[in-house]
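Student: I'm new to this one. Could you show it to me and let me ask about it as we go?

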Amino acid sequence: MEEDSRRLGRIELNDGRLMPLLGLGTWKARSVSAEMCQAAAEAAIAAGYRHLDTAFSYRNEVELGKAIRNKISQGIIRREDMFITTKLWCTYFAPSDIPLCLDKSLSDLQMDYVDLYLIHFPVALKRLDDELFPLKDGEMLTADIDYVDVWRGMEALQASGKARSIGVSNFSVLQLERLLSRAKVPPAVNQVELHPYLVQTELIEYCRSKGIALTAQSPFGSPGRPQELHRGNTDPMKLLEDPVVVDVAKKHRRSPAQVLLRYHVQQGICVIPMSAKPNHILENTKIFDFSLDEEDMKTLRELNRGWRACVLDALKSHPFYPFN
């Protein structure tokens, strides 16, 4: 079943639901307007994408909801054809706030349910008006809420039918172990940064051993991030230009982007590249009609440098910070 589904570009989650291996990531750099975000989502659906990944904190759920409604009204898709992922933000970890965050996302998306709901990050932040990153005197304001307790709220949302599958994002092996020891429902997915500069073999093997699917975010090293988020000489933003990646792409007569996406889906890892350009969106779908050989995969894995694009340095001292 799993192999058949993978040939169709889907994987089976541990709750029996199917998740498309390729999705459109919608975390946007500041240069992407709301209109461009909606246009990108519509272009993706037209190109055959059936998986869109968003989050409360991306503040683009209204635009994605409009894009999906437009394509439904055009007869291109039905709601049940789409796999929609969104995420619980860290300022909504209090038990009474968890359903409020999902309800806001559902309202903005114009939906009754999401296919996958993730805890976005394991560290709780204080709820302060509508601030995503509440600060006081330059310090990030954290809250004393355990992600294990947050998970109980996620299980309740799944039981309500508003979230078909539930999972986590940016969780380490140790955090997954602790969560699994207390959870009634195991997480279906862990969405993390993965690419040849950040191979994370231990995490991949652990998730496989526990039946937790992986979604690779920032598969190109997130080159579109704002300049102030670049990390100097240890930033993976030039992964697409790496000579090794370029050589593998030439060998297969593909683009470096297609090779990096194929690297993940060939391992049964879902991947969610972000693009606002219709030609790139279409190009990124053409990854299921070629394979990388074992030498290609080995060569790409050997690029591993432990370089991360997405970190929250302000939370490094928190005991639940996942990247230490």
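**Pockets, burial and rings**

Tutor: Let's start with the largest pocket, which has a volume of about 1,600 Å³. A pocket is an open set of points on a 1 Å grid over the protein atoms alone, with protein on both sides within 12 Å along at least five of seven lines; a cavity is a set where a 1.4 Å probe fits but cannot get out, and lining residues have an atom within 4 Å of a point. Points are joined across faces, edges and corners, and a volume is the space filled by probe spheres set on them. This is a predicted model, where local features need pLDDT of at least 70 and side-chain atom pairs count only at pLDDT 80 or more, while totals for chains, interfaces and linings use all residues. Residues are numbered from 1 along each chain as its sequence is written, and side-chain values use heavy atoms, leaving out hydrogens and water.

Student: Which residues are the closest to the centre of the largest pocket?

Tutor: The lining has 50 residues. They divide into 26 nonpolar, 15 polar and nine charged, where Ala, Val, Leu, Ile, Met, Phe, Trp, Tyr, Cys and Pro count as nonpolar, Asp, Glu, Lys and Arg as charged, and the others, Gly among them, as polar. Closest to the centre are Trp 27, Lys 28, Ser 222, Arg 225 and Cys 310.

Student: What is the mean pLDDT of the protein chain?

Tutor: pLDDT is the predictor's confidence in each residue, from 0 to 100. Here 97% of the residues reach 70 or more, and the chain's mean is 94. Over residues 1-7, though, the pLDDT is below 50.

Student: Which element gives the largest share of the lining of the largest cavity?

Tutor: The whole structure has one cavity of 30 Å³ or more, and the largest holds about 60 Å³ of space. Two elements give two or more residues to its lining, β3 (24-25) and α2 (34-46); helices (H or I, at least four residues) and strands (E, at least two) are DSSP runs, numbered from the N terminus. The largest share, three residues, comes from α2.

Student: Is Gly 221 buried or exposed?

Tutor: Gly 221 sits in the loop between β11 (213-217) and α8 (243-252). Beyond residues up to four places away in sequence, Gly 221 touches residues including His 195, Asp 235 and Ala 309, a contact being heavy atoms within 4.5 Å. Buried means under 20% relative accessible area, exposed over 50%, and partly exposed in between (1.4 Å probe, protein chains only). Gly 221 has 0%, so it's buried.

Student: Why is helix α9 called largely enclosed by the rest of the structure?

Tutor: Helix α9 covers residues 256-265. Among its buried residues are Arg 262, Tyr 263 and His 264. It's called largely enclosed because the buried ones number nine of the 10.

Student: What kind of aromatic pair do Phe 56 and Tyr 92 make?

Tutor: Rings of Phe, Tyr and Trp (its six-membered ring) pair if their centres lie within 6.5 Å; planes under 30 degrees apart count as stacked, over 60 as edge-to-face and the rest as tilted. Phe 56 and Tyr 92 are 36 residues apart, and both are buried. Their centres are 5.0 Å apart and their planes at 65°, so the pair is edge-to-face.

Student: Which residues do ring pairs link into a cluster?

Tutor: Phe 121 and Phe 323 form an edge-to-face pair, 5.9 Å centre to centre with 75° between the planes. They are 202 residues apart along the chain. The full cluster is Phe 121, Tyr 321 and Phe 323.
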